[in-house]
Amino acid sequence: MKFFLDTANLQEIREGAALGVVDGVTTNPSLLAKEKGDPEEILRQICELVDGPISAEVVATDAAGMLSEGRHWAALHKNIVVKCPCTVEGLKATKLLAAEGKRVNMTLIFSPMQALLAAKAGARFVSPFVGRLDDVSTDGMQLVADIVQIFENYDFDCEVLAASLRHPMHVLEAARLGAHVGTMPMSVLSALVKHPLTDIGLKRFLEDWEKAKKELGARAR
Ligand code: G3P
């Protein structure tokens, strides 16, 4: 399973990249708007920090506009993947961008059929928003399961990118279901590392080591 960071914050991306487990980054207009600075420059820097797919989202709502923004994003850096929303216009733009060899991440996916359409149009990734479905009392993870199964049934060359993952259990479930990618905030990635028994165990190892060293020293004197 690939891990992407869901952020446009360079400091967080540096921290995550240092862990050695970050395979890509997803941004969106809301995440970029939170950061100070020119979005284009931020995206360029992200591409230098992480050598993997970096999603940059279009904000046009018509296919022609999405195509032109998508071309612009893709020209920024070889790592850029163009993010298009799952709308009629988004599907048209995906088809055109894919025909030009540009990778598309179709975002704002809330139903299995939207994902099937995205894959048929040539998207390389689909982003089902798990947390946002959970927010409206719908099982977001079931959507991931359905899409994984449909893509397996038809052998689509399109990766399921579980998005809007809010906590470690979301990541665990997505991994169990075989999602190809999970994108998560840095806080969730950090939480995956931690276990209280690891901390307790490490503390005990270090204390025992110190004790043994002192005893050795005392015997030598
Ligand atoms: O990758 C999609 C993500 O940015 C949305 O997450 O937590 O705003 O639903 P959230």
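**Exercise 1. Two loop residues with an unusual phi**

At 72% relative accessibility, Ser 137 counts as exposed, and the task is to say where this residue of the predicted model is found and what its phi is.

*Solution.* Begin with the location: Ser 137 is found in the loop that runs between α7 (130–135) and α8 (140–154). Next, consider the backbone, where the phi of Ser 137 is positive, at about 60 degrees, although the residue is not a glycine. As background, most residues other than glycine have a negative phi. A second case can be set beside this one: Asp 155, in the loop between α8 and β7 (159–162), has a positive phi near 55 degrees and is likewise not a glycine. Asp 155 counts as exposed because its relative accessible area is 69%, where the cut-off for exposed is over 50%.

**Exercise 2. The buried side of helix α10**

Determine which residues of helix α10 (residues 186–193) are buried, and what covers them.

*Solution.* The buried residues in α10 are Met 186, Val 188 and Leu 189. They lie on the same side of the helix, because the arc they cover around the axis is only 165 degrees. The elements that cover these residues include two strands and two helices, namely β1 (2–6) and β8 (181–184) together with α1 (10–19) and α9 (168–177).

**Exercise 3. The surroundings of Ser 55**

Work out whether Ser 55 is buried or exposed, and which residues it touches beyond its neighbours up to four places away in sequence.

*Solution.* Ser 55 belongs to strand β3 (residues 54–57). With a relative accessibility of 2%, Ser 55 is therefore classed as buried, the limit being under 20%. Outside the excluded sequence neighbours, Ser 55 touches Val 25, Thr 26, Thr 27, Leu 43, Val 81, Lys 83 and Asn 105. Of these partners, Asn 105 deserves a separate step, since its side chain makes a polar contact with the side chain of Ser 55 at 3.1 Å. To relate Ser 55 to the helix of the previous exercise, take the C-alpha atoms of Ser 55 and Leu 189, which are separated by 18 Å although the residues are 134 apart along the chain.

**Exercise 4. Two buried polar residues, one in a loop and one in a helix**

For Asn 28 and Thr 94, identify which backbone atom lies within reach of each side chain, and which residues distant in sequence each one contacts.

*Solution.* Asn 28 sits in the loop between β2 (24–26) and α2 (29–34), and its relative accessible area of 13% makes it buried. The side chain of Asn 28 reaches the backbone nitrogen of Leu 31 at 2.7 Å. Once neighbours within four places in sequence are left aside, Asn 28 is in contact with Glu 57 and Lys 83.

Thr 94, by contrast, lies in helix α5 (residues 88–99), and its relative accessible area is 0%, so Thr 94 is buried. A polar atom of the side chain of Thr 94 lies 2.7 Å from the backbone oxygen of Gly 90. Not counting residues up to four places away in sequence, Thr 94 touches Cys 84, Val 104, Met 106, Ala 121, Gly 122 and Ala 123.

**Exercise 5. Leu 67 and a distant residue**

Establish which residues Leu 67 touches, and how many Å separate Leu 67 from Glu 215.

*Solution.* Leu 67 is part of helix α4 (residues 63–76) and is buried, with 12% relative accessible area. Its contacts, residues up to four places away in sequence not being counted, are Ala 93, Leu 96, Leu 97 and Glu 100. From Leu 67 to Glu 215 the C-alpha to C-alpha separation is 72 Å, and the two are 148 residues apart in sequence. This distance can be read beside the span of the C-alpha trace along its principal axes, which is about 80 × 35 × 30 Å.

**Exercise 6. The chain as a whole**

Describe the chain by its secondary structure, its burial, its contacts and its charges.

*Solution.* The chain's secondary structure comprises eleven helices and eight strands. Of its 221 residues, 45% are buried. Among contacts between residues at least 6 apart in sequence, 58% join residues at least 24 apart. The exposed area of the chain is about 11,700 Å², with 57% of it supplied by carbon and sulfur atoms. Finally, the chain carries 25 positive and 29 negative side chains, and the centres of these two sets are 6 Å apart.

Terms used
Residues are numbered from 1 along each chain as its sequence is written. This is a predicted model: local features need pLDDT of at least 70, side-chain atom pairs count only at pLDDT 80 or more; totals for chains, interfaces and linings use all residues. Side-chain values use heavy atoms; hydrogens and water are left out. Buried means under 20% relative accessible area, exposed over 50%, partly exposed in between (1.4 Å probe, protein chains only). Helices (H or I, at least four residues) and strands (E, at least two) are DSSP runs, numbered from the N terminus. The arc is that of the directions from the helix axis to the C-beta atoms. Contact means heavy atoms within 4.5 Å. Accessible areas come from the Shrake-Rupley method with a 1.4 Å probe; for residues, only the protein chains shown count as cover. Lys and Arg count as positive and Asp and Glu as negative; His and the chain ends are not counted. The place of a charge is taken as NZ of Lys, CZ of Arg, CG of Asp or CD of Glu. A polar contact is a pair of N or O atoms within 3.5 Å; within protein, one must be able to donate a hydrogen and the other to accept it, and residues adjacent in sequence count only if both atoms are side-chain atoms.
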